[in-house]
Amino acid sequence: MTTVIVATGNPGKLHEMQAYLKTLSWELALKPPEIEVDETGQTFLENARLKASQVAIATQRWAIADDSGLMVDALDGAPGIYSARYGSSDADRIERLLRELGDSENRQAQFVCALAVARPSGAIALETEGICLGKILKAPRGSGGFGYDPIFYVPAQGKTFAEMGRAEKEKYSHRGVAFEQIMPALKQLEI
Ligand code: IMP
């Protein structure tokens with residue numbers, strides 16, 4: 001079984017990737033903590049590529065990375081690649097987003113998830129970007145999920161991410177879309 005390094009130090013993200021990639025005969029492992037990658041890209045894809053490539057080179061193994069965040073139209077795409085750094089806690093980030101959006105009529109937003117897979121040489125073998133369209137509510141709804149989930153309403157499902165069950169969010173989220181898009185090519189990869 002080939003070991004693929006997940007370019008994250010977060011065990012939660014490793015488990016999430018394991019769920020999406022369960023049909024592949026890959027063994028996934030966390031990146032060693034001493035390998036640090038600066039996320040200096042200007043887009044989700046650039047950051048995913050950077051993480052996958054640098055972790056692959058440092059470990060001399062295949063690596064997979066994701067980078068995701070929320071883009072709000074009326075805020076010119078903010079918080080975007082700064083989604084995690086937009087505040088010091090989930091509550092803080094939600095509060096800041098709602099404050100900056102104020103009473104704006106335009107609540108349109110999208111969650112984006114970029115995925116990149118790198119060869120042991122660091123060369124990018126595959127990449128994709130999954131998108132989930134939604135609207136920013138004026139107040140949080142639901143108790144599931146994490147991050148901006150309680151204020152992200154998906155009209156197609158009639159629920160916020162925080163009101164969806166785990167499997168439902170896994171399917172319709174930006175991450176679910178990205179993994180569905182990349183899966184046929186992942187299965188073809190001769191790892
Ligand atoms: P990362 O790519 O996992 O580091 O995610 C960046 C940040 O985007 C997270 O810290 C969250 O604030 C936000 N984010 C990404 N995906 C989701 C999601 O599915 N729900 C809520 N927030 C998310």
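**Notes on the predicted model: strands, cores and salt bridges**

1. Let's start with strand β1, residues 2-6. Four of its five residues are buried, so-called "mostly covered". Keep in mind throughout that this is a predicted model.

2. β1 has partners in two strands. With β2 (residues 26-30) it runs parallel, and five bridges hold the pairing; if you want a spot to look at, valine 6 sits opposite leucine 30 of β2. With β3 (residues 62-72) the pairing is again parallel, over three bridges, and here valine 4 faces tryptophan 62.

3. Between β1 and β2 comes a helix worth a look. Helix α1 covers residues 11-20, and together with β1 and β2 it makes a right-handed β-α-β unit.

4. Now the inside. The largest nonpolar core counts 21 residues, and Leu21, Leu28, Ile64, Val117, Phe179 and Leu186 have the most contacts within it. Two or more residues each come from β1, α1, β2, β3, β4 (108-118) and α5 (174-188). The top contributor is α5, which gives five residues.

5. Leucine 28 is a handy residue to click on. Setting aside neighbours within four places in sequence, it is in contact with Val4, Val6, Leu14, Met17, Gln18 and Leu21. Another core lies apart from the one above; this one has 18 residues, including Leu97, Leu101, Ile136 and Val154.

6. On to the antiparallel part. β4 and β5 (residues 124-136) are joined by eleven bridges and run antiparallel, with alanine 116 standing opposite glutamate 127 in β5. The hairpin they form has five residues between the strands, and glycine 122 there takes a positive phi near 100°. β5 also pairs with β6 (residues 152-154), antiparallel too, over two bridges; lysine 135 is set opposite tyrosine 153 of β6.

7. Salt bridges next: a search of the whole structure turns up twelve. Helix α3 (residues 90-101) offers a pair to inspect in aspartate 90 and arginine 93, whose closest N and O atoms are 3.1 Å apart. These two are three residues apart in the helix, so about one helical turn separates them. Their surroundings are not alike on paper: aspartate 90 is partly exposed at 33% relative accessibility, while arginine 93 counts as buried at 14%.

8. Further along α3, glutamate 100 and arginine 96 also form a salt bridge, 3.1 Å from N to O. They are four residues apart, about one turn of the helix. Both ends are partly exposed: glutamate 100 has a relative accessible area of 38%, and arginine 96 comes out at 29%.

9. What about a pair whose partners sit in two loops? Arginine 141 and glutamate 163 meet in a salt bridge of 3.1 Å, N to O. Arginine 141 is in the loop between β5 and β6, whereas glutamate 163 is in the loop between β7 (159-160) and α4 (166-172), so the pair ties together parts that are 22 residues apart in sequence. Arginine 141 is partly exposed at 36% relative accessible area, and glutamate 163 is partly exposed at 32%.

10. One last item for your viewer: Lys13, Glu16, Asp66 and Arg175 are linked by salt bridges into a network.

Conventions. Residues numbered from 1 in each chain as written. Predicted model: local features only at pLDDT ≥ 70, side-chain atom pairs only at ≥ 80, totals over all residues. Heavy atoms only, no water. Buried < 20%, exposed > 50% of the residue type's maximum accessible area, 1.4 Å probe, protein only. Pairing = 2+ DSSP bridges. Right-handed = clockwise from strand over helix to strand, strands pointing away. Core = buried A, V, L, I, M, F, W, Y, C linked by side-chain atoms within 4.5 Å. Contact = heavy atoms within 4.5 Å. Salt bridge = Lys/Arg side-chain N within 4 Å of Asp/Glu carboxyl O.
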